[in-house]
Amino acid sequence: MDFQRARSDEQRAQRRRHILEVTAGMLTEMPVAQLSLNELSRRVGLAKANVLRYFESREAILLQLLDAELRDWLTELEEALTPVQGTPRERGDRLARVLAETLAERPVLCDLISAQAAVLERNVSAQVAIEHKYATLRSFRALAGLARRCLPELGPEDAFRLTGFISLAASAAWPYIQPSQALTAEYPDDPVVAAMHVDFAGVVRQILEVSISGLLERREDVPLGAGPLAGIPHGIGQE
């Protein structure tokens, strides 16, 4: 790529896409925590100050990549989550399994989700954070629609609550199944400790199975959390 300064809107958009592509490639080699702006700049072929012409921070790049990864996952789920016959329990368990297994096949997405609240949203402007929240809201609404396609017994708010449970389950489970090298080295000699190393897809599947069963049993159809968020009307999970 010619790294002269991008002058047109198309050139700037192309430069941004290239930065995101390089970042995505780096995350197949290293976790989010190890990805530095210095190394990213070197691989892109720009000075760090020039990378910051296109994104205000490392975290802003990663948030936009998270949005793109979520959209890609939704595209996959559009094909995977086809309606099937069965009881609500059977269809709910299938929904949980597909969600967990497809998430497990996307380690970059899982790593970004796990870093989202504690890291990625902490070094960005309010504008970038808000744009990311709206992008997430659109993705979660689409995911809730796919969930109701498979399980129409879920009310719209309960389907949206489920999307929150999915995100929280992935966020909590992902770092938990990434043990330190020191701990991993002890596994062959200590089967009790080794047995505590759980499978990501299995744990997320179990969490979602129980969550879906609980939503179906309670049928409250109320917003995610204790109540409507300040300034956001009831029905956030609905179009």
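Which helices each supply at least two residues of the lining of the largest cavity? Helices α4 (58-80), α6, α7 and α8 do. Before I go on, please keep in mind that this is a predicted model.

Let me stay with that cavity. The structure holds one cavity of 30 Å³ or more, and the volume of the largest cavity is about 80 Å³. Helix α7 provides the largest share of its lining, four residues. By class, the lining comprises seven nonpolar residues, five polar ones and no charged ones. Among the lining residues are Leu66, Leu70 and Trp73, then Ile113 and Gln116, and also His132, Thr136 and Phe140.

Phe140 takes me to the aromatic rings. There are two aromatic pairs in the structure. In one of them, phenylalanine 140 meets phenylalanine 160 edge-to-face, with 6.4 Å from centre to centre and 65° between the planes. This pair links distant parts of the chain: phenylalanine 140 belongs to helix α7 (residues 126-150) and phenylalanine 160 to helix α8, 20 residues apart. Phenylalanine 140 has a relative accessible area of 16%, so it counts as buried. Phenylalanine 160 is buried as well, at 5% relative accessibility.

Tryptophan 174 and phenylalanine 200 also form an aromatic pair, again edge-to-face, with 5.2 Å between the centres and 85° between the planes. Tryptophan 174 is in helix α8 and phenylalanine 200 in helix α11 (residues 200-218), so this pair ties together parts of the chain that are 26 residues apart in sequence. Both tryptophan 174 and phenylalanine 200 are buried.

Tryptophan 174 comes up once more, at a pocket. The second largest pocket has a volume of about 350 Å³. It is lined by 17 residues, and the closest to its centre are Pro31, Val32, Asp111, Trp174 and Gln178. Which helix gives the most to this lining? That is α6, with five residues. Helices α6 (107-116) and α8 (156-176) each supply at least two residues there. The lining divides into eleven nonpolar, three polar and three charged residues.

One last contact, elsewhere in the chain. The charged end of arginine 16 sits over the ring of phenylalanine 55, at 4.2 Å from the ring centre.

To sum up, α6 and α8 each supply at least two residues to the cavity lining, and each also supplies at least two to the lining of the second largest pocket. Phe140 is among the residues that line the cavity, and its ring pairs with that of phenylalanine 160. Trp174 is one of the residues closest to the pocket centre, and its partner in the aromatic pair is phenylalanine 200.

Note on methods
Residues numbered from 1 in each chain as written. Predicted model: local features only at pLDDT ≥ 70, side-chain atom pairs only at ≥ 80, totals over all residues. Heavy atoms only, no water. 1 Å grid on protein atoms, 1.4 Å probe; cavity = no way out; pocket = protein on both sides within 12 Å on 5 of 7 lines; lining within 4 Å. Points joined across faces, edges and corners; volume = space filled by probe spheres on them. Nonpolar A, V, L, I, M, F, W, Y, C, P; charged D, E, K, R; others polar. Phe/Tyr/Trp six-rings, centres within 6.5 Å; stacked < 30°, edge-to-face > 60°. Buried < 20%, exposed > 50% of the residue type's maximum accessible area, 1.4 Å probe, protein only. Lys NZ or Arg CZ within 6 Å of the ring centre and 35° of its normal.
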